[in-house]
Amino acid sequence: MKKKALVTWGGWDGHDPQQTSALAREILHAEGYQVVYLNTMEVYTDAAFMAALDLIVPVWTMAEITGDQSKALQNTIGEGCGLAGWHGGMCDSFRKDTGYQWMTGGQWVAHPGNSTPYRVNFVKKDDPIVKGLTD
């Protein structure tokens with residue numbers, strides 16, 4: 001039986017939610033997941049649908065979530081469904097919803113010093129994840 005993932009997206013366009021969530025959808029599909037891909041959070045309140053999920057990837061930035069949607073999402077995660085996300089698509093999603101912030105483990109605040117250039121030095125240059133990359 002295939003694992004089932006839900007990828008939802010929306011909010012501020014500056015973090016490219018549609019484009020980045022489409023990448024997540026492609027990766028999950030390649031890993032053998034059955035992926036449901038939606039530009040809405042209404043599905044969060046469908047208890048039977050949510051109970052059948054193995055993973056939820058919400059990609060929302062500076063958006064609004066209803067109390068019912070948030071509670072249903074938190075309940076699904078609390079029951080053991082996986083949750084995955086990144087950067088502002090995960091922790092700058094719903095600034096007014098502290099329950100969601102507790103669930104994700106954080107709330108994005110700001111880029112320190114706005115935008116600061118930095119250099120990444122790869123220690124394990126033979127690791128497959130950095131293959132072909134340089135410092």
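In the predicted model, strand β1 is largely enclosed by the rest of the structure, because seven of its eight residues are buried. This strand pairs with two others. With strand β2, which spans residues 34–38, β1 forms five bridges in the parallel sense. Within this pairing, Thr 8 has Leu 38 of β2 as its bridge partner. The connection from β1 to β2 passes through helix α1, formed by residues 17–30, and the resulting β-α-β crossover is right-handed.

Strand β1, comprising residues 4–11, also runs parallel to β3, to which it is joined by seven bridges. Two residue pairs illustrate this contact. Ala 5 is partnered by Leu 55 of β3, and Val 7 lies opposite Val 57 of the same strand.

Strand β3 itself, made up of residues 55–61, is mostly covered, with seven of its seven residues buried. The covering extends to both faces of the strand. On one side, Leu 55, Val 57, Val 59 and Thr 61 are buried, and on the other side Ile 56, Pro 58 and Trp 60 are likewise buried. In addition to its bridges with β1, β3 pairs in the parallel sense with strand β4 (residues 82–83) through two bridges. In this pairing, Ile 56 stands opposite Leu 83 of β4. Between β3 and β4 the chain passes through helix α3, formed by residues 67–78, and this β-α-β crossover is right-handed.

The side chains were examined next. Two aromatic pairs are found in a search of the whole structure. In the pair of Phe 94 and Tyr 100, the ring centres lie 4.8 Å apart and the planes meet at 85°, so the arrangement is edge-to-face. Phe 94 and Tyr 100 are both buried. A further contact with an aromatic ring involves a charged residue: Arg 25 lies over the face of Tyr 37, at 4.1 Å from the ring centre.

The number of disulfides in the model is zero. Cys 81 takes part in no disulfide, and the nearest cysteine sulfur, belonging to Cys 91, is 16 Å away. A disulfide requires two cysteine sulfur atoms within 2.5 Å of each other. Cys 91 is likewise in no disulfide, with the sulfur of Cys 81 as the nearest cysteine sulfur. As for its surroundings, Cys 81 has a relative accessibility of 9% and therefore counts as buried, the cut-off being under 20%.

Terms used: Residues numbered from 1 in each chain as written. Predicted model: local features only at pLDDT ≥ 70, side-chain atom pairs only at ≥ 80, totals over all residues. Heavy atoms only, no water. Buried < 20%, exposed > 50% of the residue type's maximum accessible area, 1.4 Å probe, protein only. Helix = DSSP H or I, 4+ residues; strand = E, 2+ residues; numbered from the N terminus. Pairing = 2+ DSSP bridges. Right-handed = clockwise from strand over helix to strand, strands pointing away. Phe/Tyr/Trp six-rings, centres within 6.5 Å; stacked < 30°, edge-to-face > 60°. Lys NZ or Arg CZ within 6 Å of the ring centre and 35° of its normal.
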